[in-house]
Amino acid sequence: MQRASTNLTITSFSKSFNHLMTNYIFDSIPLKYERWIECETNRMDDGEFYVIAIYRDKATLSKLYLSFQKEANFPLLCFVPITPDVQIDVNTTQMMITFNNYQSISTIFLMTNTQKFEQILAQFCQGMQQETKLTDNFYSYNLQFLNSIRSDKSFVEASRENGLLSPLQRNSAYATPITSSNNHLKLWKDRIYSLNSGFVTEKKQIHVTFLTWNVASVRPNSTTIDELSRSFTNGASKSDIIFIALQEIDMSVVSVVAGSSKKVKGAWTNIIKIAVNQQNGEFFVAAHSCLGGVYAALIFRKNVFPNPVCGDVKTIRLGVHGFAANKGAIIFPVFVGATKFIFMGCHLTAGSNDENWESRNNQLRQLMRLVDGNYDYLSIIGDLNYRINLSYEKCIEYIQQNNVSELLSKDQLRITRSRDPLLSLLKEPNQKFMPTYKFDPDSDTYDTSPKHRVPSYTDRILLRRGRKRISVDNLHEPVFDLNYKSQLNFPSMPVCVDFSRGTCKFSDHRSVLCAYKFEVPNVVVDKLETLNEEIEMKVFEIAESLRPSVTLEPSIFVFNGNVQQNFSLEMTNRKKAWAFWHADKVQGVEISPSQGMLLPGCVEHIHVKIEGTTDSNVRLRVNFTVDNGDFTTLILTNDIMFAEEQRKVQEAAKIQAQERKPVHKPKSTNPCNSQSNQAPSAPKPPFVQQQPQVQQIQQQQQPAQQQHSIQPPIQQHMQQSQPQQKQFSKMLTPEQQHQLFSGKQFNSQQSPFGMFNQTPSVQPQPQFSTTQAVFGQSQTQPNNNNSNNNNNNNDLLFF
């Protein structure tokens, strides 16, 4: 009755908790985390069904979290960080999880899918090595749920005291879904590309010049050409990219309401093209646009490498609550290699009072949030209309004294940037020139009209550097460790080479020019191809290391045929996968044990008994077969010469295996490329009985190449994908270079997993496997330090 009451409580909680989850507590998880592996399971206490899933953070794939669900598509019930504080005790079919950070809650599950179980445990093994402290944003919800699935205390204690479960060791499992799922393989490759940005990139210098000018609705003439032309060469070198923003080209009602003025826009476009044509064909107008009184043009120098590319130009109205175009902004995205610039030419609210001041602040914030950090460099230029908080007389006095520092100390924009966390991210060089507004017509005299507008630095060129996201040109060889801490050095702040005020008296404003030298990353095609080759080689190594197999020592035994003989051999798992093995039944030979499961890097002692025989030249072979892997053969003979011949054959085979490298063959069917993208079927349950075979060695004439003819899916994927990747790298566009390291790759949908159609039956009391000792102390590490295998190859990484 007590268990029934407990089950009723759990069921009631699950229903209420599932309803609670619809309140979007965990809805943000898919945005930041990738569902990496899942497995169906049943709780040992009451048989209640759950789906266990492991998530990895999309940014690095190195942070692991555990979740539970009632069904695969149901809401998450918890989201627990996997750290060394999560303790795992296992045997071949059960798993007990103890959450030491959650009041040491323990719960035991029955695991029936061997492949998924191995992959789940591999994630926990990695969690044991987690050194980074993971955030736990859902502690209270996690604790509430974990308390609801807590196993009975006596049940847990009995499992530990009787030795039915053994602590999971950090090297107990290495299995990864990247060997069976294209989606996981792509995510892993994307992360490797990101880690190796410092290897495949080089620094290139780009000279960018910005020019802003409020032209006060005056039609352009020949005097404007010289003013615009100073943007082509400055700072002792020629510009590679020029961004020109003009304001008040046309403030008529039609222009303000309709948002365009074709006639005036055409006039300014022609003037800019004339200025470009005077540069001996070195430059061209890449794009231009107009919104009301705001006009902007983008100019590129020819033969620049990496060549700049302009994206889709957008406009935004800022006047009269976003309806009028008297104030607005034009936005140009520009790609240069792997760098993304965003250039904004704009005109903000006029006026000197506090309300106008705050309106300008809000418009700047709006523009910054509009692009939401999706850039390496953001430049906002134009007539921002910020004023100097001084009287006209005091301002003129400071100007006459050439006291720029006092003028800047009262500048509204500088005051705002010192107070506002967001706007403080916008930087500009220190002005060494006088205010750019407002002048009498065709004069260098500040406003002498009755309005006496206070001279101000209204015309600004602001720059913000995005967050550092990649390393550039600082790796000498590829890295594959997901926990590697890249030394991020891009984007870095550029060097200002020119910051000056124009002299043309064409308008009541003076133009402002600012030129920077940026160091931008460029993808080196040869290095990218080298990285691709290294990735495919690593993929091959992982696939090979996860192909189950065992070795026998000795593998050839010469016996005296007249009497019964006993000897022991060592079976070693030199791969990274669980090896479920069984020995064939051969007449006259007794193998003990005849089946089992061997963990990676472990050794098991096998006892062999050979019955006496009067026959001469006995040549027996006992095949030790590994599920979903290779088989190895024990040769038993009383023919010494034959034994020596077989030793030579085995030595030659070892040398050949060491020299064997992945060969790129013609395209073949790739299981990873199926539309369903499901993982291959789960391995057979351990210890499946097979038909006994008694065969002479002469009857076994299988060529060695046939034994290796079945390739892992990931190896087939490697053979198919490498030529395509080389072709891709040779035609890498600036947009592709940016996407390669932008972090936008981690948007793949969750890969589906094949599940059992029926819920596995669960015993009311624990029925532990007789092979549970494989996770305990009965298996040992091999003593052979000279073996050529992957067992101690620490640079092989698994996910």
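**Figure 1. Strand 13 and strand 14 form a hairpin with 2 residues between them.** Gly292, in the turn, has a positive phi of about 60°. This is a close-up of a predicted model. Strand 13 covers residues 283–291 and strand 14 covers residues 294–301. The two strands run antiparallel and are joined by 8 bridges. One residue to follow across the hairpin is Phe284, whose bridge partner in strand 14 is Phe300.

**Figure 2. Phe68 and Phe109 form a stacked aromatic pair.** The count of aromatic pairs in the model comes to 34. In the pair of Phe68 and Phe109, the ring centres are 5.4 Å apart and the planes make an angle of 25°. The pair counts as stacked because the planes are under 30 degrees apart. Phe68 belongs to strand 3 (residues 64–69) and Phe109 to strand 7 (residues 105–111), so the contact between the rings ties together parts that are 41 residues apart in sequence. Phe68 has 0% relative accessibility and counts as buried. Phe109 is likewise buried, at 0% relative accessibility.

**Figure 3. Ring pairs link a set of Phe and Tyr residues into a cluster.** The Phe members are Phe210, Phe243, Phe332, Phe341, Phe343, Phe490 and Phe518. Tyr377 and Tyr516 belong to the cluster as well.

**Figure 4. The charged ends of Lys70 and Arg510 sit over aromatic rings.** Lys70 places its charged end over the ring of Tyr50, at 4.4 Å from the ring centre. For Arg510, the ring beneath the charged end is that of Phe439, and the distance to the ring centre is 3.9 Å.

**Figure 5. Cys310 is partly exposed, whereas Cys504 is buried.** The relative accessible area of Cys310 is 23%. Cys504 has a relative accessibility of 12%. The structure holds 0 disulfides.

**Figure 6. Two stretches of the chain, residues 1–23 and residues 782–796, have pLDDT below 50.** Across the chain the average pLDDT is 81, and 79% of the residues score at least 70. Over residues 1–23 the pLDDT is below 50, and this stretch has 25 contacts in the model beyond near neighbours in sequence. Residues 782–796 also have pLDDT below 50, with 27 contacts in the model beyond near neighbours in sequence.

Definitions and conventions
Residues are numbered from 1 along each chain as its sequence is written. This is a predicted model: local features need pLDDT of at least 70, side-chain atom pairs count only at pLDDT 80 or more; totals for chains, interfaces and linings use all residues. Side-chain values use heavy atoms; hydrogens and water are left out. Two strands pair if DSSP finds at least two bridges between them. Helices (H or I, at least four residues) and strands (E, at least two) are DSSP runs, numbered from the N terminus. Rings of Phe, Tyr and Trp (its six-membered ring) pair if their centres lie within 6.5 Å; planes under 30 degrees apart count as stacked, over 60 as edge-to-face and the rest as tilted. Buried means under 20% relative accessible area, exposed over 50%, partly exposed in between (1.4 Å probe, protein chains only). A charge sits over a ring if NZ of Lys or CZ of Arg is within 6 Å of the ring centre and within 35 degrees of the ring normal. pLDDT is the predictor's confidence in each residue, from 0 to 100. Contact means heavy atoms within 4.5 Å. A disulfide is a pair of cysteine sulfur atoms within 2.5 Å.
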